[in-house]
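Here is a short briefing on one protein model, with a look at its strands and its inner spaces. Keep the structure open beside the text as you read.

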Amino acid sequence: MTTHLLAIDQGTTSSRAILFRPDTSIAAQAQQEFPQHFPASGWVEHEAEDLWQTTLATCRAVMEQAGLTAADIAAIGITNQRETTVVWDRKTGAAIHRAIVWQDRRTAELCAKLKAEGHEALVRERTGLILDPYFSGTKIGWILDHVPGARARAERGELAFGTVDSWLLWKLTDGAVHATDATNAARTLLFNIHTGAWDDDLLALLRVPRSMLPEVKDCAADFGTTAPRLLGGAIAIGGIAGDQQAATVGQACFQPGMIKSTYGTGCFALLNTGATAVVSENRLLTTIAYQLGGKRTYALEGSIFVAGAAVQWLRDGLGIIKNSAESEALAEAADPAQQVYLVPAFVGLGAPHWNPDVRGAMFGLTRNSGPAEFCLAALESVCYQTADLIAAMNADWARSGASGHRTPVLRVDGGMVASNFAMQRLADLLAAPVDRPVIRETTALGAAYLAGHQAGIMPAPGRFADSWRLDHRFDPVMPAETREAKLAGWRDAVRRLTLP
């Protein structure tokens with residue numbers, strides 16, 4: 001029976017494919033890294049063909065591992081690094097420039113100019129986003145203006161734009177389908193999240209021809225079928241969602257007030273706000289959590305640029321640990337009398353500060369500070385940043401009047417959640433329970449669920465939520481006065497770093 005689901009998880013540093021059985025257990029998985037390109041300071045690029053070839057290779061690998069053919073797979077779901085921008089030739093299917101990655105800052109000057117001209121209010125009102133190089137719209141314009149002849153070709157309808165999901169979909173279908181889903185469209189600066197359509201005023205502002213844009217569909221929809229030659233047969237493509245939205249689905253955060261946080265290189269927290277697009281007064285983003293049956297569900301989102309990357313810095317930058325697991329034991333051995341704070345603003349501060357110009361710093365060092373205190377400071381920095389996000393979300397939620405009960409529980413996933421110490425400290429500093437699920441591949445699971453839902457082999461969201469299983473709940477145990485003192489120290493460190 002065709003009951004297996006194939007999830008494509010195309011990330012910033014690697015492409016992965018995971019085969020899920022009907023009970024959502026994992027049958028096989030494969031991963032391939034690909035090169036990162038840094039042609040100038042603050043620039044980050046990928047070869048679009050690398051994204052495609054590693055995706056195709058991992059899909060073939062998991063099918064071979066599991067001994068499955070195309071006839072055994074009910075549907076494919078795609079989840080992807082968001083905002084990364086590809087522009088390609090519709091005839092040849094070849095990208096006209098390397099993909100510009102979400103981390104890339106080359107359009108900062110243009111964003112500052114548009115802000116100075118007073119355009120951010122319109123952008124915020126229509127898209128829920130801020131004017132920042134993070135998003136796709138200004139990246140498209142840069143490619144059109146810097147590749148010879150590209151703008152004229154785009155005006156003639158010869159070029160296509162897509163975030164990575166659209167690029168993979170185009171390649172999987174041999175150019176038969178040029179589409180995306182609402183969650184990826186919502187990250188482009190070009191999509192009106194209230195009307196659910198590309199916005200002509202924003203297209204004019206960022207000088208992007210409408211003919212370049214993909215069709216926008218629900219997260220669970222008919223996205224066509226794979227070209228038979230690629231995977232040994234035609235397989236339906238039934239689900240697409242950006243990685244953080246897919247994780248929200250995989251964590252079954254379907255009720256307004258539920259919140260999840262994903263810990264990878266960075267950290268991304270999403271709060272389901274239901275049918276209400278809550279406007280943040282704390283510099284959080286308003287975005288689409290998912291769209292099913294033509295109905296949009298909204299979210300507040302906060303982005304932390306450095307989470308797991310802080311531990312990587314301890315390993316690769318300072319050389320005080322050999323692997324990430326060592327950080328936990330060292331942190332537990334740290335001197336509790338010392339109050340060392342790391343503000344990991346290696347690439348600026350994300351939400352709710354949105355300060356791209358500051359850089360990282362350590363505070364509170366003494367002669368007795370050593371590797372243990374550095375490890376504790378790195379792990380705690382992730383917890384403090386999360387606390388900032390959750391506090392901002394709670395304030396926006398309380399003010400919004402959105403329907404639903406704001407649950408105090410935080411559902412977590414991503415590589416860092418394997419650390420019991422970090423998750424316990426997170427619960428302590430949030431003064432709220434932290435739930436770690438049995439299935440930690442929640443991003444891929446969300447993509448698989450969307451595809452399975454479209455294929456009719458996965459239940460409605462409510463019943464899927466019933467299958468969510470808890471691995472461990474971390475309840476707060478830290479005394480309130482200790483917690484408040486530590487949070488006050490963190491706020492002071494951030495204040496010192498951001499002083500003019």
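**Strand β2 and its neighbours**

Within β2, S15 is the bridge partner of Q10. Please keep in mind that this is a predicted model. The notes below start from that contact, follow β2 to its two partner strands, and then turn to the cavities.

*Pairing with β1*
- Strand β1, residues 4-10, pairs with β2 in the antiparallel sense, and six bridges hold the record of that pairing.
- The two are joined by a hairpin, with three residues leading from β1 to β2.

*Pairing with β3*
- On to strand β3, residues 26-33: β2 and β3 run antiparallel and are joined by seven bridges.
- One pair to look for is A17 with A30, its bridge partner in β3.
- The hairpin of β2 and β3 has five residues between the strands, and there T24 takes a positive phi near 75 degrees.

*Two faces of β2*
- Are the residues of β2 mostly covered or open? Strand β2 spans residues 14-20, and seven of its seven residues are buried.
- In a regular strand, side chains alternate between the two faces of the sheet.
- In β2, S14, R16, I18 and F20 point one way, while S15, A17 and L19 point the other way.
- Both sets are buried, R16 included.

*The largest cavity*
- How many cavities of 30 Å³ or more does the model have? The count is four.
- A probe the size of a water molecule, rolled over the atoms, shows where empty space is left.
- The largest cavity holds about 110 Å³ of space.
- T24, the residue with a positive phi in the hairpin of β2 and β3, is part of the lining of this largest cavity.
- The other lining residues are G250, P437, V438, I439, L445, F464, S467, W468 and R469.
- By type, the lining of the largest cavity divides into six nonpolar residues, three polar and one charged.

*The second largest cavity*
- The volume of the second largest cavity is about 60 Å³.
- Its lining is made up of D335, Q338, Q339, V340, E373, L376, E380 and K486.
- Which helix gives the largest share of that lining? Helix α13, residues 371-400, does so with three residues.
- Four of the residues that line the second largest cavity are charged, two are polar and two are nonpolar.

Key
Residues are numbered from 1 along each chain as its sequence is written. This is a predicted model: local features need pLDDT of at least 70, side-chain atom pairs count only at pLDDT 80 or more; totals for chains, interfaces and linings use all residues. Side-chain values use heavy atoms; hydrogens and water are left out. On a 1 Å grid over the protein atoms alone, a cavity is a set of points where a 1.4 Å probe fits but cannot get out, and a pocket is an open set with protein on both sides within 12 Å along at least five of seven lines; lining residues have an atom within 4 Å of a point. Grid points are joined across faces, edges and corners, and a volume is the space filled by probe spheres set on the points. Ala, Val, Leu, Ile, Met, Phe, Trp, Tyr, Cys and Pro count as nonpolar, Asp, Glu, Lys and Arg as charged, and the others, Gly among them, as polar. Helices (H or I, at least four residues) and strands (E, at least two) are DSSP runs, numbered from the N terminus. Buried means under 20% relative accessible area, exposed over 50%, partly exposed in between (1.4 Å probe, protein chains only). Two strands pair if DSSP finds at least two bridges between them.
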